[in-house]
Amino acid sequence: GYDPVTLNHWLWYKYRCHEGSPTDFQSLFENIMKRARPEFMQIRPYGNIGDRKADGLLFCEEAVFQVYSPDLLTQRKVMNKINEDLDGAVAEWKGNLKKWVFVYNVRRGLAPDIAKILQKKKKQYPQLEIEPLSNDSLWEIARGLSLQQRAEILGAPSGYEGMFLVPNESLKPEALREPLPDAWLVLIQDDLVPVDIRSVFVALKPGTPFGMP
């Protein structure tokens, strides 16, 4: 079940989480959600009304998403952020809010008092479902996307970049008609899925132990 393409995307995803700016992570979150849930609505600040305490909406679930990815996480700032954004979302969306999702990007988990304030908020708003969504949980959503969708977000997997960088001249039919002395022309159809190299060896039956695959 080992999948090198998914591993490559996971490593690149973790790099984006750890090295990207807060804005980069929010963009990453939006790009994943728009593909995982096409009904997801991306929200941007607008004029003097801002974003009305919502970084994204799912009307079908009456859910508001708030994204937090600080360069330096401090417990007090996160607690203040939760208080401010959740209270603000309840005020802004009033009867149209059933779920509030706190999307966060941290390297090694949250401080315990942050978990405590989420529990406190559940008691303050018993009618509201409050759900944390970590960067690891967001990856599990991304993992479930099709390979095409993941490549749109995270780029071509390592080793497949040439498929997107081939000069146009080499794709002309006349270029393929030119003789290739002392060489084989091998066409492998893979559509960005891993190729079993053992099957390739069997198919080509190389004449020497180290023959060209």
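Colleague: Into how many nonpolar, polar and charged residues does the lining of the largest pocket divide?

Modeller: This is a predicted model, in which local features need pLDDT of at least 70 and side-chain atom pairs pLDDT 80 or more, while totals for chains, interfaces and linings use all residues. Residues are numbered from 1 along each chain as its sequence is written, and side-chain values use heavy atoms, without hydrogens and water. Ala, Val, Leu, Ile, Met, Phe, Trp, Tyr, Cys and Pro count as nonpolar, Asp, Glu, Lys and Arg as charged, and the others, Gly among them, as polar. On that scheme the lining comprises six nonpolar, five polar and two charged residues.

Colleague: Which strands stand at the edges of the sheet?

Modeller: The sheet is open and mixed in its pairing, with five strands (DSSP runs of E, at least two residues, numbered from the N terminus) in the order E1-E2-E3-E4-E5. Strands pair if DSSP finds at least two bridges between them. Two strands have a single partner each, so one side of each lacks a neighbour in the sheet: E1 (41-42) and E5 (129-134).

Colleague: In which sense do strands E2 and E3 pair?

Modeller: Leu-58 stands opposite Ala-63 in E3. Strand E2 (residues 56-58) and strand E3 (residues 63-68) are joined over three bridges, and the sense of their pairing is antiparallel.

Colleague: Which residues in H2 do Tyr-13, Arg-16 and Cys-17 in H1 meet?

Modeller: Helices are DSSP runs of H or I with at least four residues, and contact means heavy atoms within 4.5 Å. By class, the contact of H1 with H2 has five nonpolar, no polar and one charged residues. On the H2 side, the residues met are Phe-25, Leu-28 and Ile-32.
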